[in-house]
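Please look at the charged side chains and work through the following questions one at a time.

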Amino acid sequence: MHTAVRGYVPVCHRMYYVISPQTGNVVFALCLYTLCAALLPDVLVDSLTGSRTGIDCQSCGNLLSKREREVLLLIAQGKMSKEIADRLSISIHTVSRHRQNILEKLHVGNSIRALDVARELHLL
């Protein structure tokens with residue numbers, strides 16, 4: 001989770017669902033967040049079934065498309081949108097759309113933060 005003071009901090013996240021016995025639909029979802037004391041947990045536990053799933057450190061690998069990663073790598077090299085468009089043989093408008101998608105997917109406001117987050121998530 002990102003804080004205004006400390007940057008990214010590890011948190012443990014738990015989801016609980018209340019399901020209607022009549023319809024079988026979720027009627028309520030509860031999210032609980034707590035700061036992790038040490039390292040991030042290495043498993044997810046399904047609170048309904050108790051099943052455990054290992055967490056892959058690279059699980060965010062599909063967050064960005066191949067083209068968005070290419071654009072982000074060129075941004076990391078200091079290339080401007082026009083240069084990126086020329087290098088990838090796409091329009092500058094397409095580059096702008098890729099930039100917007102990257103910012104939205106990474107929940108950041110600018111390319112510098114996008115690069116920081118992408119590195120933290122091992123996307124680059």
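Q: How many residues apart do Lys82 and Asp86 lie in helix α2?
A: In this predicted model, Lys82 and Asp86 both belong to helix α2, which covers residues 81-88. Their side chains meet in a salt bridge, with a distance of 3.1 Å from N to O. Along helix α2 the two residues are separated by about one turn, a spacing of 4 residues.

Q: Which residue meets Arg67 in a salt bridge?
A: Side chains of opposite charge can pair when their charged atoms come close. Because the partner sits 3 residues from Arg67 in helix α1 (residues 66-76), about one helical turn separates the two. The N to O distance in this salt bridge is 3.0 Å, and the partner of Arg67 is Glu70.

Q: Is Glu70 buried, partly exposed or exposed?
A: The relative accessibility of Glu70 is 27%, and that of its salt-bridge partner Arg67 is 30%. Since buried requires a relative accessible area under 20% and exposed one over 50%, the value of 27% makes Glu70 partly exposed.

Q: What is the N to O distance in the salt bridge of Arg113 and Asp116?
A: Arg113 and Asp116 both lie in helix α4 (residues 111-120), where 3 residues, or about one turn of the helix, set them apart. Arg113 is partly exposed at 24% relative accessibility, and Asp116 is also partly exposed, with a relative accessible area of 30%. Their side chains meet in a salt bridge whose N to O distance is 3.3 Å.

Notes
Residues numbered from 1 in each chain as written. Predicted model: local features only at pLDDT ≥ 70, side-chain atom pairs only at ≥ 80, totals over all residues. Heavy atoms only, no water. Salt bridge = Lys/Arg side-chain N within 4 Å of Asp/Glu carboxyl O. Buried < 20%, exposed > 50% of the residue type's maximum accessible area, 1.4 Å probe, protein only.
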